[in-house]
Amino acid sequence: MQTILVVDDDEDILEVIKYILEDSGYEVDTLSDGHYLFDQIKKHEPDLILLDVMLGNMDGRELCKDVKAGIDTHNIPVILISASHQISDTSRKNGAPDDFIAKPFDIAVLLNSIERQLAA
């Protein structure tokens with residue numbers, strides 16, 4: 001079973017996404033504090049990371065760059081999610097996410113993006 005790590009500081013969103021993904025056959029780990037991202041990656045070795053851009057006092061784009069720069073983590077697909085639609089231009093920069101989804105998102109769009117990244 002493929003594991004997805006969902007990182008969002010909104011517990012309600014974490015709960016909804018976890019339910020959707022588990023219902024679709026994925027194992028799901030959640031994290032509400034980006035400070036522990038790399039600890040969680042080491043502990044659970046996710047197949048994909050679903051990462052919110054606005055994480056309280058942290059920027060998910062910076063965490064994404066760190067994941068993509070890491071020797072042990074650069075191959076993990078990262079999908080950024082955000083309510084800010086202009087964030088999608090970060091996909092052209094170094095350390096860019098593998099995909100971007102704008103909130104609110106359609107469940108089918110989320111699942112299709114995850115399936116595309118896991119198949120790549």
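**Strands 6 and 7.** I started with the pairing of strand 6 and strand 7: the two run parallel and are joined by 4 bridges. This is a predicted model, so everything I jot down here is read off predicted coordinates. For a register point I took L80, which stands opposite F100 in strand 7.

**Other side of strand 6.** Next I looked up strand 3 against strand 6, and found a parallel pairing over 4 bridges. The register point here is I49, whose bridge partner in strand 6 is V78.

**Burial of strand 6.** How many residues of strand 6 are buried? I got 5 of the 5, so the strand is largely enclosed by the rest of the structure. I split them by direction too: V78, L80 and S82 point one way, I79 and I81 point the other way, and all of them are buried.

**Strand 1.** I moved on to strand 1, residues 3-7. With strand 2 (residues 27-31) it pairs in the parallel sense over 5 bridges, and I4 has V28 as its bridge partner there. With strand 3 (residues 48-52) the pairing is again parallel, over 4 bridges, and V6 stands opposite L50. Burial next: 5 of the 5 residues of strand 1 are buried, so this strand is also largely enclosed by the rest of the structure. Both of its faces are covered, with T3, L5 and V7 buried on one side and I4 and V6 buried on the other.

**Whole sheet.** I then put the pairings together. What is the strand order in the sheet? It is 2-1-3-6-7, an open sheet of 5 strands with parallel pairing. Strand 2 and strand 7 (99-102) are the edges; each has a single partner strand, so one side of each is left without a neighbour in the sheet. On average, neighbouring strands are turned by 20° against each other, direction ignored. A reminder to myself: strands of a sheet pair through backbone hydrogen bonds, either parallel or antiparallel.

**Helices over the sheet.** Which strands does helix 1 lie across? Helix 1 (residues 11-23) lies across strand 1, strand 2, strand 3 and strand 6 (78-82), and runs at about 170° to strand 2. Helix 2 lies across strand 1, strand 2 and strand 3, at about 155° to strand 2.

**Helix 2 on helix 3.** I checked this helix pair separately. Helix 2 (residues 37-44) and helix 3 (residues 60-69) pack at about 45°, and their axes are 11 Å apart. That angle makes helix 2 oblique to helix 3. The crossing is right-handed. On the helix 2 side the contact is made by L37, F38 and I41, and on the helix 3 side by L63, D66 and V67. By class, I have 5 nonpolar residues, no polar ones and 1 charged.

**D99.** Is D99 buried or exposed? I was curious, as this aspartate sits in strand 7. It turns out buried, at a relative accessible area of 18%, because the cut-off is under 20%. I skipped its neighbours within four places in sequence and listed the rest of its contacts: V78, I79, L80, S113, R116 and Q117.

**S113.** S113 came up among the D99 contacts, so to speak, and I followed it into helix 4. Its relative accessibility is 1%, which counts as buried. Leaving out neighbours within four places in sequence, S113 is in contact with I79, D99 and I101. I also took a C-alpha distance: S113 and L80 are 33 residues apart along the chain, and their C-alpha atoms are separated by 11 Å.

**Backbone oddities.** Two entries to close the page. Where is the cis peptide bond? It joins K103 and P104, with omega at about -10°. P104 is in the loop between strand 7 and helix 4 (107-119). The other entry is E45, which is not a glycine but has a positive phi of about 45°. E45 is in the loop between helix 2 and strand 3. At a relative accessible area of 61%, E45 is exposed.

Technical notes. Residues are numbered from 1 along each chain as its sequence is written. This is a predicted model: local features need pLDDT of at least 70, side-chain atom pairs count only at pLDDT 80 or more; totals for chains, interfaces and linings use all residues. Side-chain values use heavy atoms; hydrogens and water are left out. Axes are lines fitted to C-alpha atoms, for helices over the stretch in contact, and angles run from 0 to 180 degrees between N-to-C directions. Angles under 35 degrees count as roughly parallel, over 145 as roughly antiparallel, 65 to 115 as roughly perpendicular and the rest as oblique. A crossing is left-handed if the near helix is turned anticlockwise from the far one by less than a right angle, and right-handed if clockwise. Contact means heavy atoms within 4.5 Å. Ala, Val, Leu, Ile, Met, Phe, Trp, Tyr, Cys and Pro count as nonpolar, Asp, Glu, Lys and Arg as charged, and the others, Gly among them, as polar. Buried means under 20% relative accessible area, exposed over 50%, partly exposed in between (1.4 Å probe, protein chains only). Two strands pair if DSSP finds at least two bridges between them.
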